[in-house]
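Trainee: I should like to understand how the terms used for a protein model are justified. May I put some questions to you once the structure is in view?

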Amino acid sequence: MGYGMKYLSISPYTRKRSIVRVCVCCILWGSVLGGLSIQAWAESETSKSSALASKNTGQGKSLVEQLPESVHLANSASKQLCYVGQYKTKITPKQIRIFLTTSQGEVSHLIDPRERVLSGTVFGKVNEKEMQIEKEDMEVALLKDRVAKKDDILKMRREKRELQFLMKLTPSERNYISKQSDKKVMDRDVLKGIDDKIDLAEREIKILEKKKRAEFEKKEKANIFTMPFDGRLQYQFTLPENPDQATQFLESGKELAVACDDSEFYLSIIISDPEIVRIEPQDFVLEMRLGNGELMRGTFSHKRTEKSQSGQGESLAFFFKIEAKNHEKAFSLIGSNLVAKLYYRPPFPVQLMSKLSLGARPEAKGTSTWQELLDRIMPGHEVVLVGETQIIVRKK
């Protein structure tokens, strides 16, 4: 059922309340009303509300008069949850990892991601057969290099033995052999030089093999995808009926899958109102109504600055931890455009006052801040927080 059909099906009273919500969404949340007096602002909003009510209900009666008295002013002290406002929200797991292919080819070793995946589980290999052939070619090349180097080492060791033999002869014997073979007699420094060459050749064999194997292992590792933590996995393409027996062709740089740590989930919102930021964040609760009517609640966990979506500047994000019973639902909603309501749980008694009702009072004439108006009608009280539809006050 679309939003239009839902609206037509609601009762006249609920429809009136919806009209009020639409009107008050345009209200500035701060203490100063953009240069307007509170009375002028209230008259403007009430006029808009009455016009909407007349159009939709056929009654010209003021919406402020139609609202229940409890909405205008909560005279009794309360420690219950106080509605602050509505925010765009998203669900964020404890950790998330996006996997991209580093080369073009067939992806095999796919798994069924409907169940929880354990850390270390392989969920994809790119060009497995080609990589195996490449490994065999590498081993052959390394063997050839090793054999060639060892031949060089054997020649140098033979030369070394000949020099050692010559150095044991008498000078006359060495001269005679030198004349017969056209070889110069070499001294001990030359002998040491041969030892250095042999040592270098042996080192080169080990270094070359280590380097070649490391390069291959790095390439092979980049083409084998494993789960970095216990959690859930989402492939970025449609899986066949039997994924463990199938392959998927992907271009280089394409998303293969997204893994998330499902041990914790959070509802996150961006807070830009300085009046909210100055309050202890532990006193806030975030709630989101699910499609089936169930309530998903988050308690404050932490906050951090994040880059704004426009890419310019930073925003302050509040994270609210979701109850474990809602983790399965939270996982299914990752990436969705969601809306949640922020509530304030004051650690002291407060009173809730309707912004529309306050603005319609005669004392509002000439006031430009909610505190100024409050000083006129309720001396000795102060504004704790200005919400979307109501003001939270307490005794000083």
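**Strand pairing and burial**

Mentor: Strand 1 (residues 82-100) and strand 7 are antiparallel partners, joined over ten bridges. The model is predicted, so local features need pLDDT of at least 70 and side-chain atom pairs count only at pLDDT 80 or more, while totals for chains, interfaces and linings use all residues. Residues are numbered from 1 along each chain as its sequence is written, and side-chain values use heavy atoms, with hydrogens and water left out.

Trainee: What makes strand 5 and strand 7 a pair?

Mentor: Two strands pair if DSSP finds at least two bridges between them. Strand 5 (residues 232-235) and strand 7 have four bridges, in the antiparallel sense, so the condition is met. Within this pairing, glutamine 234 stands opposite valine 258 of strand 7.

Trainee: Which strand is joined to strand 7 by six bridges?

Mentor: That is strand 10 (residues 314-322), which runs antiparallel to strand 7. Here isoleucine 270 faces alanine 317 of strand 10.

Trainee: Why is strand 7 called largely enclosed?

Mentor: A residue is buried if its relative accessible area is under 20% (1.4 Å probe, protein chains only). In strand 7 (residues 255-271), 14 of the 17 residues are buried, and therefore the rest of the structure largely encloses this strand.

Trainee: What makes four residues in the lining of the largest cavity count as charged?

Mentor: Asp, Glu, Lys and Arg count as charged. The lining includes Asp145, Arg146, Lys149 and Glu209, so these are the charged residues by that rule.

Technical notes: On a 1 Å grid over the protein atoms alone, a cavity is a set of points where a 1.4 Å probe fits but cannot get out, and a pocket is an open set with protein on both sides within 12 Å along at least five of seven lines; lining residues have an atom within 4 Å of a point. Buried means under 20% relative accessible area, exposed over 50%, partly exposed in between (1.4 Å probe, protein chains only). Helices (H or I, at least four residues) and strands (E, at least two) are DSSP runs, numbered from the N terminus.
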